[in-house]
Amino acid sequence: HSIILGIITTVLLIAATVLGLLDMRRQEKNGGIKTDMFNPGLLGHGIGGAVLVVGAVMCCIANIIH
């Protein structure tokens, strides 16, 4: 059960990171990345990437301790 949820969460985080990156690239081509207002692409890329990195480190630590 927890393995399935982990896989689903990982897939969703990767999707958020990739979609955010694609949106930022699109914005860059259209005159620059907008930072003066709410930018879901930037938010998705940042949070998704950070949670993936922290989650990977936590998994490595858990496997070493276990």
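By class, how many nonpolar, polar and charged residues are in the lining of the largest pocket? I'll come to that after the helices. Please keep in mind that this is a predicted model.

Let me start with helix α2, which runs over residues 40-65. For its 26 residues, a rise of 1.5 Å a residue gives an expected span of 38 Å. The end C-alpha atoms are 37 Å apart, so the model agrees with that expectation. The buried residues of α2 are three glycines: Gly-41, Gly-44 and Gly-48. An α-helix has 3.6 residues a turn, so residues three or four places apart point the same way. Part of what covers the buried residues of α2 is α1, residues 2-29.

Next, the pocket. The volume of the largest pocket is about 220 Å³. Both helices take part, with α1 and α2 each supplying at least two residues of the lining. The lining residues are Ser-2, Gly-6, Thr-9, Thr-10, Leu-13, Val-51, Leu-52, Gly-55, Ala-56 and Cys-59. That brings me back to the opening question: the lining has five nonpolar residues, five polar ones and no charged ones.

Cys-59, one of the lining residues, raises the matter of disulfides. The count is zero. Cys-59 is in no disulfide, and the nearest cysteine sulfur, that of Cys-60, is 7.0 Å away. A disulfide would need the two sulfur atoms within 2.5 Å, so this pair does not qualify. Cys-60 is likewise in no disulfide. As for exposure, Cys-60 has a relative accessible area of 47%, so this residue is classed as partly exposed.

Now to the loop between α1 and α2, where we find Asn-39. Is Asn-39 buried or exposed? Its relative accessibility is 6%, and the limit for buried is under 20%, so Asn-39 counts as buried. Leaving aside residues up to four places away in sequence, Asn-39 touches Asp-23, Gln-27, Ile-33 and Lys-34.

Asp-23, one of those contacts, lies in helix α1. With a relative accessible area of 16%, Asp-23 is also under the 20% limit and therefore buried. Which residues does Asp-23 touch, again not counting residues up to four places away in sequence? They are Asn-39 and Gly-41. Gly-41 is one of the buried residues of α2 that I listed earlier. Finally, Asp-23 and Lys-34 are eleven residues apart in sequence, and their C-alpha atoms are 11 Å apart in space. Asn-39 touches both of them.

Definitions and conventions
Residues are numbered from 1 along each chain as its sequence is written. This is a predicted model: local features need pLDDT of at least 70, side-chain atom pairs count only at pLDDT 80 or more; totals for chains, interfaces and linings use all residues. Side-chain values use heavy atoms; hydrogens and water are left out. Helices (H or I, at least four residues) and strands (E, at least two) are DSSP runs, numbered from the N terminus. The expected span of a helix is 1.5 Å times one less than its number of residues. Buried means under 20% relative accessible area, exposed over 50%, partly exposed in between (1.4 Å probe, protein chains only). Contact means heavy atoms within 4.5 Å. On a 1 Å grid over the protein atoms alone, a cavity is a set of points where a 1.4 Å probe fits but cannot get out, and a pocket is an open set with protein on both sides within 12 Å along at least five of seven lines; lining residues have an atom within 4 Å of a point. Grid points are joined across faces, edges and corners, and a volume is the space filled by probe spheres set on the points. Ala, Val, Leu, Ile, Met, Phe, Trp, Tyr, Cys and Pro count as nonpolar, Asp, Glu, Lys and Arg as charged, and the others, Gly among them, as polar.
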